[in-house]
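Dear colleague,

I am passing on the structure below, together with some notes on how its two chains fit to one another. Please read them with the structure open beside you.

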Number of protein chains: 2
Amino acid sequence: MNTPDENTAPAIDPRLSAEPNKDGADAAVAAARRVIAALLLTGDGSGVDMDAIADRLDEVADRLTEKAPTVEERLSRMWRAEGINRHDPVTGPENGLAPPLSLQGKDDGSIEGVVTLGLPYQGPPGHVHGGISALLLDHTLGVANHWGGTSGMTAELTLRYLRPTPLFEPLTVTGRQVSVDGSRIRTVGEISVSGRACVTAEGLFINKHLPRPS
Amino acid sequence: MNTPDENTAPAIDPRLSAEPNKDGADAAVAAARRVIAALLLTGDGSGVDMDAIADRLDEVADRLTEKAPTVEERLSRMWRAEGINRHDPVTGPENGLAPPLSLQGKDDGSIEGVVTLGLPYQGPPGHVHGGISALLLDHTLGVANHWGGTSGMTAELTLRYLRPTPLFEPLTVTGRQVSVDGSRIRTVGEISVSGRACVTAEGLFINKHLPRPS
């Protein structure tokens, strides 16, 4: 556990998710998230010239792609960076799919973040897609393992859906490493709203890692 | 089961995902997906003026938002439409988070789709995020229930990760309803590549539904 002993240990940075920059690519990604949400909200039949919108977005994509590295170069660069991932689809400030969720480590060994999800994350009417809850929890359990000190890859994940998870309300997402037994790591987590659990997760992780691209 | 008896039953449309339109909002959403992928591939330090990109994307979002209905109006409209969802984060042509996966029903009662995922869907280096696999499978199991004739909400979902799931390779995603016992529906599915299973899923669904917005 990374629980610091305040008398002897140096302070440990509890931020487990990358802080978005206010400019550069992170700001462009934040704007792209606005576009995704606005496209879904507005849709056809609204009087917006969607063909013109498509053209503008294609122009932006073309301009970015002109200067893009190869996938191999980019993979090498993104995994060479020290510290916390910036590119994942849950917390990554460089990833437009990410809400993003920002996770913090706590002194009791658990981690926590709060996130509010909009229309792109919808499953049942007005509620979060069960698979989106699974995505948030799989990632949070993985980060909880990092905070716990022994991380690995998901081997098994069980989700229990106790009640529908609402869109447009602050969701608390938590994770906690329960045990490490050899290479087997057990981790739990949940998504709750106003103190009531909506989805719980139990994960078995194996302490092995894919090689980082050279 | 929806398995048609060819002698007596009318042909059943096996398309279980909405077909994207080549223009309008669907084309704009397809372009927005290109932007998300290109932003992550290109990133800072590439020589692209990311602040200008952010401005252009914010302009697009503003233009869309000006004509947007309220969330309540939009929810009412999107759920009033007959047939297959167009807005979900897995198959929805109106949702920029969706890869999108396109699912087809088969005569044996199962369903199947093929999708290739890029960098935004990454977890371990060069491989699909475990939570993204969970998202695809939760959704596919739900659609398999629809094809099976009795659908419901996810109550429990167990995912087993057998081997890493690669990015940039065609993934086959399948689902099949196994049993319906009162309100309890059991459904299985998997993601495979070149005939080898990478992730399997078992779900318990309950035959109840949230009310559609009026």
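Helix α4 (residues 130-148) of chain A lies across β1, β2 (110-115), β3, β4, β5 and β6 (196-206) of chain A together with β3 of chain B, and runs at about 130° to β5(A). Contact here asks that C-beta atoms, placed from the backbone, lie within 7 Å; axes are lines fitted to C-alpha atoms, for helices over the stretch in contact, and angles run from 0 to 180 degrees between N-to-C directions. Helices (H or I, at least four residues) and strands (E, at least two) are DSSP runs, numbered from the N terminus.

The model is predicted, so that local features need pLDDT of at least 70 and side-chain atom pairs count only at pLDDT 80 or more, while totals for chains, interfaces and linings use all residues. Residues are numbered from 1 along each chain as its sequence is written, and chains are lettered from A and ligands numbered from 1 in the order in which they are written.

The strands beneath the helix belong to an open, antiparallel sheet of 12 strands, in the order β1(A)-β2(A)-β4(A)-β5(A)-β6(A)-β3(A)-β3(B)-β6(B)-β5(B)-β4(B)-β2(B)-β1(B), where pairing requires at least two DSSP bridges between two strands. Its edge strands are β1 (104-105) of chain A and β1 (104-105) of chain B, each of which pairs on one side only. Strand β3 (residues 153-161) of chain A pairs with β3(B) in the antiparallel sense over 5 bridges, and Leu157(A) has Leu159(B) as its bridge partner.

The contact between the chains takes 78 residues from chain A and 77 residues from chain B, and α1(B) gives the most to the side of chain B that touches chain A, with 15 residues.

With best wishes

Key. Two residues are in contact if their C-beta atoms, placed from the backbone, lie within 7 Å.
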